[in-house]
Amino acid sequence: MLDAISGSIISKQRRIIDYVNAHTIVETYKNPNLATMMNSFDILHPDGVGVNVASRWLFDNPNFYKRLNGTDFYYQFLRAAEINSWKIFLFGTHEELLDAASNNIMTLFPNIVIAGTHHGYVDINDKQVVDAINSSGADVLFIGLGIPKQEEWIYANKEKIDTTVILSVGGGIDFISGKKTRAPIFLRNRGLEWLFRMI
């Protein structure tokens with residue numbers, strides 16, 4: 001995934017990356033337009049043990065033998081962004097969590113460039129958000145509006161956005177802010193993070 005992001009930035013080739021988990025699948029059944037939107041994106045990665053297990057059992061899909069947990073991957077991405085001087089723009093959640101996420105990112109990755117931030121309480125056609133993202137000069141848009149709003153926003157605005165990579169992160173910004181708690185590592189390693197969240 002990091003190679004795909006790096007390759008896009010180097011070649012200036014637009015790439016839209018989204019995730020698929022059990023909730024996503026349910027939403028696409030309720031809303032076929034959401035499936036159409038997501039199928040127009042470049043990379044959909046399996047995020048969640050349910051999709052991983054179902055793909056292997058139901059379809060023997062070799063592409064889903066390994067899942068890419070987004071919340072773990074975002075820290076790998078941020079480390080790569082710091083090393084490669086990729087500029088990121090954080091879009092989503094509310095101001096307090098955005099500030100907390102930005103502070104945590106800067107603490108962990110002091111040389112990273114956060115080109116800008118914007119809260120997620122906006123209309124899908126809000127031109128000011130697009131202008132803010134484009135004027136920031138960001139390489140990667142880190143968008144966490146939750147499904148299906150983030151997919152709808154990306155689909156409506158993808159041709160207007162100048163960032164090379166659009167990375168859909170769902171609740172990723174909330175986790176990075178430290179305000180949303182992840183399951184203990186022993187539950188994560190056993191594919192039971194969903195149980196922790198349900199409880």
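Is Phe77 buried or exposed in this structure, and at what relative accessibility? In the predicted model examined here, Phe77 has a relative accessibility of 0% and therefore counts as buried, since the term applies to residues under 20% relative accessible area.

The surroundings of Phe77 were considered through its aromatic contacts. Under the ring-pairing rule applied, the count comes to 5 aromatic pairs. One of these is formed by Phe73 and Tyr74, whose rings lie 6.5 Å apart from centre to centre, with 65° between the planes, an arrangement classed as edge-to-face. Both partners are withdrawn from the surface, Phe73 being buried with a relative accessible area of 3% and Tyr74 being buried with a relative accessible area of 2%. A further pair joins Phe77 to Phe142, and here the geometry is stacked, with 5.7 Å from centre to centre and 15° between the planes. This contact links distant parts of the chain, because Phe77 belongs to helix α5 (residues 70-84) whereas Phe142 belongs to strand β5 (residues 140-144), the two residues being 65 residues apart. Phe142, like its partner, is buried, and its relative accessible area is 0%. Taken together, ring pairs link Phe73, Tyr74, Phe77, Trp86 and Phe142 into a cluster.

Burial was also found for a strand. Of the 6 residues of strand β1 (residues 15-20), 5 are buried, so that this strand is largely enclosed by the rest of the structure. Strand β1 is joined by 3 bridges to strand β6 (residues 165-168), and the two strands run parallel; within this pairing, Ile17 stands opposite Leu167 in β6. Strand β1 is likewise joined to strand β2 (residues 43-46), in this case by 4 bridges and again in a parallel arrangement, with Asp18 standing opposite Leu44 in β2.

An aromatic residue was also found at the surface. Trp57, which is found in helix α4 (residues 49-59), has a relative accessible area of 72% and is therefore exposed, the threshold for that class being over 50%. Together with Leu58 and Phe59, Trp57 makes a nonpolar surface patch of about 480 Å². The model thus presents aromatic side chains in contrasting settings, with Phe77 buried at 0% relative accessibility and Trp57 exposed at 72% relative accessible area.

Methods. Residues are numbered from 1 along each chain as its sequence is written. This is a predicted model: local features need pLDDT of at least 70, side-chain atom pairs count only at pLDDT 80 or more; totals for chains, interfaces and linings use all residues. Side-chain values use heavy atoms; hydrogens and water are left out. Buried means under 20% relative accessible area, exposed over 50%, partly exposed in between (1.4 Å probe, protein chains only). Two strands pair if DSSP finds at least two bridges between them. Patches are made of residues with over 30% relative accessible area and no salt bridge: like charges are joined within 9 Å, nonpolar side chains (Val, Leu, Ile, Met, Phe, Trp, Tyr) within 5 Å. Accessible areas come from the Shrake-Rupley method with a 1.4 Å probe; for residues, only the protein chains shown count as cover. A salt bridge is a side-chain nitrogen of Lys or Arg within 4 Å of a carboxyl oxygen of Asp or Glu. Rings of Phe, Tyr and Trp (its six-membered ring) pair if their centres lie within 6.5 Å; planes under 30 degrees apart count as stacked, over 60 as edge-to-face and the rest as tilted.
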